[in-house]
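The following exercises are to be worked with the sequence and the model in view. Each task is followed by a solution in steps.

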Amino acid sequence: MKTRRTITFIAMVLVLATVLGMAVGAAAAKTCGITVSTVPGKPGQEVTVEVRAEKNPGFTNLAMVLDFDPAKLELVQVDLKDPEGKAYLCGDVASVNRSWKPGADDDLDAARTYPFVVCAAVEEVKADGILFTATFKVLDGTPGVLAVTPRIRYIRNNTAALPVFEDITASVTPGGVEIPAAVDKIELSAAELWLRENGTDTLTVTGVPENTPISWQSSAPQFVEVDNGTLTAKAPGTAVITASVGNAKAECRVTVVMLGDMDGDGVVKISDIMQGLDAFNMNTQLTPAQMCALDADGDGVLKDSDIMTIIERFNQQ
């Protein structure tokens with residue numbers, strides 16, 4: 001009888017071990033993507049990267065180190081909440097050690113410290129999104145990506161009945177700060193433009209890498225305003241629009257004309273109308289500024305309806 005009980009017990013243990021082995025295999029198959037965003041930056045600038053969870057199977061415990069070159073990036077802060085105070089995925093159940101020192105067995109530089117983020121949630125975190133953000137000051141201007149790499153210590157889920165279900169594999173995608181290549185020359189899509197009052201147009205820049213910051217300036221914003229390349233005509237007059245990328249610059253001369261004002265004196269007169277009628281009858285060659293003044297509907301073709309609109313403008317003065 002004792003022998004039979006022993007055999008039965010051993011069989012139960014073997015069955016349990018098999019079940020646990022299958023469960024461990026199933027748990028090991030779970031993968032969570034950990035990704036660091038890549039953002040543009042330049043020396044002296046403070047930039048923020050996002051550390052995100054993607055295809056998250058659900059976790060309760062997470063610990064990671066952010067690895068970066070301290071000669072190229074200086075950690076400013078790690079934020080667990082967004083600017084409005086709403087917690088990221090790790091927010092209310094996380095802590096940050098800005099000066100964690102690795103042990104002898106860690107695959108990290110034992111001579112320096114790292115930011116270390118630990119999350120311990122009561123209920124599993126199942127959403128995809130931002131785990132936390134890290135802000136760095138850029139110290140190096142060498143073109144390329146100044147890498148920020150998450151080094152995962154562990155990701156676990158403790159909501160299972162047995163601790164063997166805890167481990168989750170991390171799939172890591174580094175990011176960092178992208179320093180654009182030096183730009184020696186840029187060009188604008190136009191060197192000269194003509195707009196009517198309240199008209200708009202857009203200038204584009206060529207010769208710059210994607211996501212390169214561009215500075216815009218108007219020499220006379222009372223005549224022409226510029227916002228990220230979009231021009232808005234405010235009043236008759238001329239402004240020089242300048243686009244700058246580092247030391248490289250390009251300019252466009254923009255003239256705002258009044259509808260019907262053929263000679264540019266700021267007044268629509270009978271002589272302007274007569275000159276417009278003459279142009280309509282193809283007896284006069286127009287300058288770009290004159291065409292802009294006559295083309296009432298902006299379709300690039302001078303029509304009788306354009307002349308009628310100018311006559312109405314004249315009668316309303």
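Two strands pair if DSSP finds at least two bridges between them. Helices (H or I, at least four residues) and strands (E, at least two) are DSSP runs, numbered from the N terminus. The model is a predicted one, in which local features need pLDDT of at least 70 and side-chain atom pairs count only at pLDDT 80 or more, while totals for chains, interfaces and linings use all residues. Residues are numbered from 1 along each chain as its sequence is written, and side-chain values use heavy atoms, with hydrogens and water left out.

**Exercise 1. Determine how β16 is joined to β19, and which residue is the bridge partner of serine 215.**

Step 1. The two strands run antiparallel and are joined by 4 bridges.
Step 2. Serine 215 has serine 244 of β19 as its bridge partner.
Step 3. Strand β16 (residues 215-218) presents Trp216 and Ser218 on its covered face, whereas Ser215 and Gln217 form the uncovered one.

**Exercise 2. Identify the strands that pair with β3, and assign its residues to a covered and an uncovered face.**

Step 1. Strand β1 (residues 31-36) is antiparallel to β3, with 4 bridges between them; valine 36 is partnered by valine 51.
Step 2. With strand β8 (residues 129-138), β3 also pairs in the antiparallel sense, here over 8 bridges. Threonine 48 faces threonine 135 of β8.
Step 3. Within β3 (residues 46-54), Val47, Val49, Val51 and Ala53 make up the covered face. The uncovered face consists of Glu46, Thr48, Glu50, Arg52 and Glu54.

**Exercise 3. Describe the largest pocket by its volume and its lining.**

Step 1. A pocket is defined on a 1 Å grid over the protein atoms alone, as an open set of points where a 1.4 Å probe fits, with protein on both sides within 12 Å along at least five of seven lines; lining residues have an atom within 4 Å of a point.
Step 2. The volume, which is the space filled by probe spheres set on the points, is about 380 Å³ for the largest pocket.
Step 3. Its lining comprises 20 residues, and Lys42, Pro180, Thr212, Val245 and Gly246 lie nearest the centre.
Step 4. At least two lining residues come from each of β11 (175-179) and β19 (237-245).
Step 5. If Ala, Val, Leu, Ile, Met, Phe, Trp, Tyr, Cys and Pro count as nonpolar, Asp, Glu, Lys and Arg as charged, and the others, Gly among them, as polar, the lining contains 10 nonpolar, 8 polar and 2 charged residues.

**Exercise 4. Establish which residues of α2 are buried, and what they pack against.**

Step 1. Buried means under 20% relative accessible area, exposed over 50%, and partly exposed in between (1.4 Å probe, protein chains only).
Step 2. In α2, the buried residues are Asp272, Ile273, Gly276 and Ala279. Viewed down the helix axis they fall within an arc of 120°, so they line one face of α2; the arc is that of the directions from the axis to the C-beta atoms.
Step 3. These buried residues pack against α3 (288-294) and α4 (304-315), contact meaning heavy atoms within 4.5 Å.

**Exercise 5. Is glycine 266 buried or partly exposed, and which residues does it touch?**

Step 1. Glycine 266 is located in the loop between β20 (248-257) and α2 (270-280).
Step 2. With a relative accessible area of 36%, glycine 266 is partly exposed.
Step 3. Not counting residues up to four places away in sequence, glycine 266 touches Met258 and Asp261.
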